[in-house]
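Got a minute to go through this one together? Let's ask how each label is earned.

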Amino acid sequence: MKIAIIGTGNVGQAIGGSLVRAGHTVTFAARDGATTRQVAATAGASASASPADAARGAEVIILAVPYLAAEQVAAELDGQAAGKVVIDATNPIKADYSGLSTETGGSGAERFAQLLEGAHVVKAFNTLFASVQADPGGHGSALDLLYATDDASAKAVVIALASSLGLRPVSVGPLAASRELEAMAWLNIRLQMISGGDWRSTFVLVDAPAAATAA
Ligand SMILES: NC(=O)c1ccc[n+]([C@@H]2O[C@H](COP(=O)([O-])OP(=O)(O)OC[C@H]3O[C@@H](n4cnc5c(N)ncnc54)[C@H](OP(=O)(O)O)[C@@H]3O)[C@@H](O)[C@H]2O)c1
């Protein structure tokens, strides 16, 4: 698959490297061109000058940016997300890490769906720490990629990407279920912060209903 990753930090590098190793064609974009080129070269990917340029040639766009930059990133995509699958891997964490910034409203994913007109938005990868995204098989057993979407084409893409990474795709419901996925991610982040963990903890749903894991 041709995939544009917006963001070259922990998540962009981790998912990008794993997707390249799985045989996908990855193009990175962020604001800092030098870092983008360096991250792309390390991953075996391409670098674009802007999110819109990266998205133009892609079938799938992965958002790996701070949620607080949502409006700015949506503007930078300049309409290029329309008709494409957009995977929202962000978590709407407050700047001071005191909780979620969406406590009074919907999810970050629903906000991206409003901002990116015509995009097929799916929430996925946000519950996996970058350490897991970089090495999806590192725990020794297949881990779950929990995802939420209203869109059949986005669902098909996430299932295919999960399979290519050795992850088990688990549908948790419509895009509105991103509220719970973001809360789960925050639970895991807070757990790590208060217990001084190694940022490798992750969720596995034992005895998941067959319909949730069906392709
Ligand atoms: N770290 C994790 O384990 C983890 C796991 C799951 C989900 N998440 C979520 O995933 C997102 C990224 O996390 P991260 O740890 O990768 O953050 P990070 O290391 O701070 O990276 C953020 C990236 O976003 C880019 N960026 C910021 N503003 C931008 C803009 N306006 N346009 C384009 N690119 C922009 C930055 O590059 P420039 O400054 O060059 O633009 C940087 O490459 C966050 O929402 C986070 O909550 C993180």
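**How the labels are earned**

Q: What makes helix 1 a neighbour of the strands, and which strands does helix 1 lie across?
A: Helix 1 lies across strand 1 (2-6), strand 2 (25-29) and strand 4, and runs at about 160 degrees to strand 2. Contact here is a matter of C-beta atoms, placed from the backbone, lying within 7 Å. The angle is taken between N-to-C directions on a scale from 0 to 180 degrees, with axes fitted to C-alpha atoms, for helices over the stretch in contact. Helix 2 (residues 33-43) lies across strand 2 and strand 3, also at about 160 degrees to strand 2.

Q: What should I know about the model and the numbering before reading on?
A: This is a predicted model, where local features need pLDDT of at least 70 and side-chain atom pairs count only at pLDDT 80 or more, while totals for chains, interfaces and linings use all residues. Residues are numbered from 1 along each chain as its sequence is written. Helices (H or I, at least four residues) and strands (E, at least two) are DSSP runs, numbered from the N terminus.

Q: How do you know which strands are the edge strands of the sheet?
A: Eight strands form an open sheet in the order 3-2-1-4-5-6-7-8, with mixed pairing. Strand 3 (46-47) and strand 8 (168-171) each pair on one side only, and that makes them the edge strands. Pairing needs at least two bridges found by DSSP between two strands.

Q: How do you know that strand 1 and strand 2 pair?
A: Five bridges join strand 1 to strand 2, and the two run parallel. The requirement is at least two bridges, so they count as a pair. Ile6 stands opposite Ala29 in strand 2.

Q: What about strand 5 and its partners?
A: Strand 4 (residues 60-63) and strand 5 pair in the parallel sense over four bridges, and strand 5 (residues 85-88) and strand 6 do so over four bridges too. Ile87 links the two pairings: Ile62 has Ile87 as its bridge partner in strand 5, and Ile87 has Val122 as its bridge partner in strand 6.

Q: Why is strand 6 called mostly covered?
A: Five of the five residues of strand 6 (residues 120-124) are buried. Buried means 20 or more other C-beta atoms within 10 Å of the residue's own, exposed means 12 or fewer, and partly exposed is in between, with C-beta atoms placed from the backbone. His120, Val122 and Ala124 point one way, Val121 and Lys123 the other, and all are buried. In a regular strand the side chains alternate between the two faces of the sheet.

Q: Why is Trp186 called buried or exposed?
A: Trp186 has 20 C-beta neighbours inside 10 Å, and the cut-off for buried is 20 or more, so Trp186 counts as buried. Its place is in helix 8, and it touches Asn91, Ile93, Gly99 and Leu100, not counting residues up to four places away in sequence.

Q: Why do Trp199 and Asp207 get their exposure labels?
A: Trp199 has 14 C-beta neighbours inside 10 Å, which lies between the two cut-offs, so it counts as partly exposed. Asp207 has 5, and 12 or fewer is exposed, so Asp207 counts as exposed. Trp199 lies in the loop between helix 8 (178-195) and helix 9 (210-213), and Asp207 is in the loop between helix 8 and helix 9 as well.

Q: What makes the phi values of Trp199 and Asp207 worth a look?
A: Phi of Trp199 is near 60 degrees, and Asp207 has a positive phi of about 55 degrees although it is not a glycine. Most residues other than glycine have a negative phi.

Q: Why is helix 5 called largely enclosed?
A: Six of the eight residues of helix 5 are buried, so helix 5 is largely enclosed by the rest of the structure. The buried ones are Gly108, Ala109, Glu110, Arg111, Phe112 and Ala113. Their cover includes helix 4, strand 7 (144-149) and helix 8.

Q: How do you know that helix 4 and helix 5 meet?
A: The axes of helix 4 (residues 70-77) and helix 5 (residues 108-115) come within 10 Å and cross at roughly 35 degrees. The contact is made by Ala70, Glu71 and Ala74 of helix 4 and Gly108, Arg111, Phe112 and Leu115 of helix 5.

Technical notes
Contact = placed C-beta atoms within 7 Å.
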